[in-house]
Structures are given as C-alpha cells and as structure tokens.
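Look at the sequence and the 3D model together. The paragraphs below go through the structure one topic at a time.

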Amino acid sequence: MAYTYDTENIFAKIIRGEIPCDKVLETEHTLAFRDIAPQAPQHVLVIPKGPYVNYDHFAAEASEEEVVDFVRAVGEVCRTLGIAPGDGGMGYRLINNAGEAGVQEVPHMHVHVLSGRRLGRMLPKAD
Ligand code: 5GP
C-alpha cells in the first residue's frame with residue numbers, strides 16, 4: 001500500500017494552528033470542528049491529528065490508541081451536539097468520502113457528522 005500525504009492540505013494547516021477553526025472537541029489524537037460550508041444545520045468534521053489521507057490509510061496504519069480515540073471522539077461529538085439518539089437526540093449521519101469516486105476534496109481523513117434536520121435519502125444522483 002502506498003499513501004502519499006500532502007502536509008500542506010488545509011486540515012494539516014488547521015491541526016498546526018496555521019488556520020483557525022470553530023472547534024467542537026479536541027482529544028490527544030483527534031480534532032472536531034464545524035465545516036466552513038455546512039450542508040445541514042449541524043455539520044462537524046472529525047479528523048485524526050495524524051497524517052492519514054483517507055479511511056483505509058487510517059485503518060491500516062493508525063495505532064490502536066488513535067483508532068479508539070477517533071471512534072470515541074465521534075460519539076462524544078454527537079453527544080456534545082445533542083443529536084445522539086441514546087440521549088434523546090434526533091439522530092445524525094456520518095459520511096466519509098475517499099478518493100475519486102467518493103469525491104474527496106481534502107486529502108486528510110475526516111468524517112462528516114451531519115444533523116439538525118431530516119437528511120433525506122442517503123445518495124443523490126451522481127453529478
Ligand atoms: P470532502 O469533500 O473532502 O469530504 O469534504 C471536505 C469538507 O471540508 C467540505 O465539506 C468543506 O466545506 C470543508 N472545508 C474545506 N476547507 C475548510 C476550511 O478551511 N475550514 C473548515 N472548517 N472546513 C473546510
């Protein structure tokens with residue numbers, strides 16, 4: 001497997017503090033912040049702080065500590081936003097885009113957390 005990580009991508013700059021973000025949560029290995037162009041009333045991006053291009057890169061090369069931290073951080077973000085069904089919240093959708101077919105724009109692994117309204121069908125027609 002060969003993954004090339006671009007250290008100048010926008011999320012790398014956010015992690016380094018070179019670009020500001022509207023932070024929702026930060027842990028040792030994970031950062032969550034609001035999307036600059038929200039697609040729903042609640043739209044948060046959760047990213048590992050490590051240099052991973054996409055989900056399969058993260059799954060293959062992140063440490064167990066990083067993976068556990070990330071998974072738990074996503075759940076914590078949902079509870080923080082008040083959208084976790086287990087806490088009486090309205091629910092949410094998680095999206096991870098990877099590569100060309102996934103129409104990934106930023107080449108740093110991230111999960112979108114979307115909520116605040118009914119989100120409609122899972123996939124629109126391709127553009
Ligand atoms: P992708 O298409 O790669 O899954 O999603 C990238 C997301 O990053 C988009 O939803 C886009 O609005 C968001 N984004 C791009 N640049 C910035 C930025 O500088 N700050 C924040 N907070 N979000 C960004």
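What follows treats the sheet, then the aromatic rings, then the salt bridges.

The structure is a predicted model. Start with its open sheet, which has 5 strands. Going across the sheet, the strands come in the order 1-2-3-5-4, and their pairing is antiparallel. In general, the strands of a sheet are paired by hydrogen bonds of the backbone, and the pairing is either parallel or antiparallel.

Which strands stand at the edges? They are strand 1, residues 23-26, and strand 4, residues 93-95. Each of them has a single partner strand, so one side of each has no neighbour in the sheet. Neighbouring strands do not line up exactly: on average they are turned by 20 degrees against each other, with direction ignored.

Now take one pairing within the sheet. Strand 3, residues 42-48, pairs with strand 5, residues 111-115, through 5 bridges in the antiparallel sense. To find one of these places in the model, look for His43, whose bridge partner in strand 5 is Leu114.

A helix packs on this sheet: helix 3, made of residues 64-81. Helix 3 touches strand 1, strand 2, strand 3, strand 4 and strand 5. The direction of helix 3 makes about 160 degrees with that of strand 3.

The next topic is the aromatic side chains. How many aromatic pairs does a search of the whole structure find? The search finds 3. One of them joins Phe11 and Phe33, with ring centres 5.5 Å apart and 80 degrees between the planes, an edge-to-face arrangement. Phe11 belongs to helix 1 (residues 10-15), while Phe33 belongs to strand 2 (residues 30-34); the pair therefore ties together parts that are 22 residues apart in sequence. Are these two side chains, Phe11 and Phe33, buried or exposed? Both are buried.

Another edge-to-face pair is formed by Tyr52 and Phe58. Here the centres are 5.3 Å apart and the planes make an angle of 70 degrees. Buried means under 20% relative accessible area. Tyr52 has a relative accessible area of 8%, so Tyr52 is buried. Phe58 is at 3% relative accessibility and therefore also counts as buried. Together with Phe70, these residues make up one aromatic cluster of Tyr52, Phe58 and Phe70.

The last topic is charge. As a general point, side chains that carry opposite charges can pair when their charged atoms come close. A search of the whole structure finds 5 salt bridges. One of them links Lys23 and Glu26, whose closest N and O atoms are 2.6 Å apart. Lys23 is partly exposed, with a relative accessible area of 46%. Glu26 is partly exposed too, at 41%.

Arg16 takes part in salt bridges with Glu8 and with Glu18. Between Arg16 and Glu8 the N to O distance is 3.6 Å. Between Arg16 and Glu18 the closest N and O atoms are 2.7 Å apart. Because the salt bridges share a partner, Glu8, Arg16 and Glu18 are joined into one network.

How accessible are the members of this network? Arg16 is at 40% relative accessibility and counts as partly exposed. Glu8, at 46%, counts as partly exposed. Glu18 is likewise partly exposed, with a relative accessible area of 47%.

Conventions:
Residues numbered from 1 in each chain as written. Heavy atoms only, no water. Phe/Tyr/Trp six-rings, centres within 6.5 Å; stacked < 30°, edge-to-face > 60°. Helix = DSSP H or I, 4+ residues; strand = E, 2+ residues; numbered from the N terminus. Buried < 20%, exposed > 50% of the residue type's maximum accessible area, 1.4 Å probe, protein only. Pairing = 2+ DSSP bridges. Axes fitted to C-alpha atoms, helices over the stretch in contact; angles between N-to-C directions. Contact = heavy atoms within 4.5 Å. Salt bridge = Lys/Arg side-chain N within 4 Å of Asp/Glu carboxyl O.
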